[in-house]
Structures are given as structure tokens and as C-alpha cells.
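Colleague: I should like to go through this model with you before planning any bench work. May I put some questions to you about how its parts fit together?

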Amino acid sequence: MRSYSARDGLLGSLFLAIFVVVAFIATFGNSSVSQNLSLPLSARVASAPCVARPSVAVMAEANAPIRQRFEGRVVSTNLQDSAVVRVERLVKHPKYHKRVRLSKKYIIHDPENTAEIGDIVKIASIKPISKRKTFELDTIVRKALK
């Protein structure tokens, strides 16, 4: 029985490397991939096709401005030219896998004071008017029953 030495591991890895190179050449042959390998790295990088993706800023300039939009219920109209809207969302609980209702309140700009308590409204983000007021009333979806 023959014992293995460090030289056997070195010969095995050398054989594997030669096998990989031969398989690569056999697969790609005279294609542009093997021709590009003969070039230095800087030339290969320069000749590589560049797939450019437009940035978000360019897309925003081309189209309408990017705005967050939510739908919620008006819960307070005590502020001047403002209203408070509660936006609810359903989230799956990480452990119990039950859908949990989470809500967040937004102070919205309503210059005509058209929103009333209980109305379902759509709101959209705008440039900040004050510390907490960064949304405006977009449309009233459904008026509250009186």
C-alpha cells in the first residue's frame, strides 16, 4: 500500500489546473473571449461593453417628480390649514405569521380646510413646509357619513 505525500497533492492540483485550461480552450476556441485574454487587463476593461443604468436623479428630471403617496383616514382637523391623517398598513408578524395592523400619523397641508374627520383621503409628499408637515392633501376619496 502506498502512502500519500505533499508532492502528490501538488501534482494533483497542477493536473487539475491544466485540465481546466484545456477545457476552457476547447469550449471557447477562437472566440472573442480567448482573444481578449491575451490583452492586458486595462485594455480588456476598456473594451468591455458598458451597460449604463440611468440614475434616479436623471429619471426624476425626465418624468414627473418622485412622490410618496398614501391613503388614510382623517383623524383630526384642529390645526389651522392642516389635518392629521392616520395611514394603516398590514405587516406579517415575523414569529407568529399573523397579519398585524400598523398605523402612522401624518400632518398634511390642507389650505382650504376641505378635509373633515372620518374622510378617506389620498396624500402626496411635498417639499417640507414645517418640521413635521411634508405631505399635502391630494384628493378626497370618500366623505365621512354624518
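**Strand pairing, core and a buried aspartate**

Modeller: Let us begin with a pair of residues: in this predicted model, Arg73 stands opposite Arg86 in strand 2.

Colleague: Which residue is the bridge partner of Arg73 in strand 4?

Modeller: Strand 1 covers residues 69–76 and is joined to strand 4 by five bridges, the two running antiparallel. Within strand 4, the bridge partner of Arg73 is Ile120.

Colleague: In what sense do strand 1 and strand 2 pair, and over how many bridges?

Modeller: Strand 1 and strand 2 form a hairpin with five residues between them. In the turn, Asp81 has a positive phi of about 60°. The pairing of strand 1 with strand 2 is antiparallel, and its bridges number three.

Colleague: Is Ser82 buried or exposed, and what is its relative accessible area?

Modeller: Ser82 belongs to strand 2, which spans residues 82–92. Beyond its sequence neighbours up to four places away, Ser82 touches Thr77, Ile107, Ile108, Asp110, Asn113 and Lys133. The cut-off for a buried residue is under 20% relative accessible area. Ser82 is therefore classed as buried, its value being 5%.

Colleague: With which side chain does the side chain of Ser82 make a polar contact?

Modeller: Lys133 is among the residues that Ser82 touches. The two side chains also make a polar contact at 2.6 Å, and the partner of Ser82 is thus Lys133.

Colleague: Which strand gives the most to the largest nonpolar core?

Modeller: That core has eleven residues, including Val74, Ala83, Val85, Val87, Ile108 and Leu137. Strand 2, strand 3 (99–109), strand 4 (120–125) and strand 5 (133–142) each supply at least two of its residues. The most, three residues, comes from strand 2.

Colleague: What does Leu137 contact, leaving aside its neighbours within four places in sequence?

Modeller: Leu137 is itself a member of the largest nonpolar core. Its contacts outside that sequence window are Ile108, His109, Asp110, Thr114, Ala115, Val121 and Lys122.

Colleague: How far from Asp110 is the nearest side chain of opposite charge?

Modeller: Asp110 lies in the loop between strand 3 and strand 4, and a polar atom of its side chain is 3.1 Å from the backbone nitrogen of Thr114. Leaving aside neighbours within four places in sequence, Asp110 is in contact with Asp81, Ser82, Ala115 and Leu137. Asp110 is buried yet has no salt bridge. The nearest side chain of opposite charge belongs to Lys143, at a distance of 8.4 Å.

Terms used
Residues are numbered from 1 along each chain as its sequence is written. This is a predicted model: local features need pLDDT of at least 70, side-chain atom pairs count only at pLDDT 80 or more; totals for chains, interfaces and linings use all residues. Side-chain values use heavy atoms; hydrogens and water are left out. Helices (H or I, at least four residues) and strands (E, at least two) are DSSP runs, numbered from the N terminus. Buried means under 20% relative accessible area, exposed over 50%, partly exposed in between (1.4 Å probe, protein chains only). A polar contact is a pair of N or O atoms within 3.5 Å; within protein, one must be able to donate a hydrogen and the other to accept it, and residues adjacent in sequence count only if both atoms are side-chain atoms. Contact means heavy atoms within 4.5 Å. A nonpolar core is a set of buried Ala, Val, Leu, Ile, Met, Phe, Trp, Tyr and Cys residues joined through side-chain atoms within 4.5 Å. Two strands pair if DSSP finds at least two bridges between them. Lys and Arg count as positive and Asp and Glu as negative; His and the chain ends are not counted. A salt bridge is a side-chain nitrogen of Lys or Arg within 4 Å of a carboxyl oxygen of Asp or Glu.
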